[in-house]
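Thank you all for coming. I would like to take a few minutes to walk through one model, beginning at a single strand and working outwards, so please have a look at it first.

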Amino acid sequence: MKLQNKIIKNLKVKPKINPKYEINLITNKIKTYLKIHNDIISLIIGISGGQDSTLTGKLCQIAIYKLRKENINIKYQLIAVRLPYGKQSDEKDCQDAVNFINPDNLLTIDIKNAVLSSEQSLKKAGIIISNHVKGNEKARERMKVQYSIASMKHGIVVGTQHASENITGFFTKYGDGGSDINPIANLNKRQGKALLKELNCPPHLYLKDPIAGLEDSSPHKTDENILGIKYCDIDDYLE
């Protein structure tokens with residue numbers, strides 16, 4: 001078997017999808033997971049204002065709605081968490097994403113002081129971290145906060161990674177690469193856009209250039225510039 005075919009099989013990416021079918025499939029998987037693990041009542045997800053967290057958040061909220069119809073005595077909830085590093089340049093997109101998802105609860109926690117404190121502690125020990133490493137510190141701080149919330153709210157942390165990120169390793173280990181469930185893992189970037197379009201998401205949230213925004217020296221550098229390859233080419237490979 002060709003390496004490409006092995007990768008496609010492992011990541012379980014479909015060559016073609018029906019967006020409406022996939023929405024129903026993914027939300028039912030989330031719903032089933034929560035029904036099996038009946039001690040979990042909260043889904044916690046960080047909202048960045050980008051395509052992936054917007055899609056995942058919306059799918060989680062749909063699953064919560066479905067559960068409520070079946071179990072009116074169980075207080076399921078989606079907790080959306082805004083985790084800016086100081087002032088976020090695309091804050092309006094973040095607010096638009098939150099409005100589209102319509103979570104049950106919204107928390108905003110600025111991670112800047114925690115990241116700077118960690119950086120300063122390392123400096124005192126003689127470790128001067130690079131911009132790249134500091135970017136990973138931000139991602140790990142965000143995940144740490146989400147797990148603290150999950151622990152106190154009888155919840156789990158929902159990941160937002162998709163197949164086009166997984167094939168390139170474009171994530172932070174123990175940061176955005178760490179979660180309890182990952183609903184969109186089998187979709188590529190193009191397919192995620194198709195689901196958001198089907199869900200009537202504001203187009204600017206999924207047509208914008210994907211930007212991680214982790215490094216202080218280049219906060220507006222796109223994912224594709226960092227990777228050196230376009231997502232459409234990755235998607236073609238996975239399909």
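Let me start with strand β1, which has both of its faces covered: Ser42, Ile44 and Gly46 on one side are buried, and so are Leu43 and Ile45 on the other. I should say at once that this is a predicted model, and everything that follows is to be taken in that light. For β1, which runs over residues 42–46, five of the five residues are buried, so the strand is largely enclosed by the rest of the structure.

What, then, are the pairing partners of β1? One is strand β2, residues 77–82, with which β1 pairs in the parallel sense over five bridges, and there Ser42 has Gln77 as its bridge partner. Another is strand β4, residues 155–157, where the pairing with β1 is again parallel and runs over three bridges, with Ile44 standing opposite Val157.

If we now step back to the whole sheet, four strands make up an open sheet in the order β3-β2-β1-β4, with parallel pairing. The edge strands are β3, residues 105–108, and β4, each of which pairs on one side only, and the twist from one strand to the next averages 25°. Between β2 and β3 there are four bridges, in the parallel sense, and Val81 of β2 finds its bridge partner in Leu107 of β3. Helix α6, residues 131–152, packs on this sheet and touches β1, β2, β3 and β4, while its direction makes about 165° with that of β4.

Let me turn to another element, helix α11, which spans residues 231–238 and whose buried residues are Tyr231, Ile234, Asp235 and Leu238. Looking down the axis of α11, one sees these buried residues fall within an arc of 100°, so they line one face of the helix. What do they pack against? The buried residues of α11 pack against four helices, namely α1 (3–11), α7 (163–166), α8 (189–198) and α10 (223–227).

Finally, the overall picture: the protein has 11 helices and four strands. Its radius of gyration is 18 Å, close to the 18 Å that the globule rule gives for 239 residues, so the protein is as compact as a globular protein of that length. Of those 239 residues, 44% are buried; and among contacts between residues at least 6 apart in sequence, 77% join residues at least 24 apart. The exposed area of the protein is about 12500 Å², of which carbon and sulfur atoms supply 53%.

Note on methods. Residues are numbered from 1 along each chain as its sequence is written. This is a predicted model: local features need pLDDT of at least 70, side-chain atom pairs count only at pLDDT 80 or more; totals for chains, interfaces and linings use all residues. Side-chain values use heavy atoms; hydrogens and water are left out. Buried means under 20% relative accessible area, exposed over 50%, partly exposed in between (1.4 Å probe, protein chains only). Helices (H or I, at least four residues) and strands (E, at least two) are DSSP runs, numbered from the N terminus. The arc is that of the directions from the helix axis to the C-beta atoms. Contact means heavy atoms within 4.5 Å. Two strands pair if DSSP finds at least two bridges between them. The radius of gyration is taken over C-alpha atoms; the globule rule is 2.2 Å times the number of residues to the power 0.38. Accessible areas come from the Shrake-Rupley method with a 1.4 Å probe; for residues, only the protein chains shown count as cover. Axes are lines fitted to C-alpha atoms, for helices over the stretch in contact, and angles run from 0 to 180 degrees between N-to-C directions.
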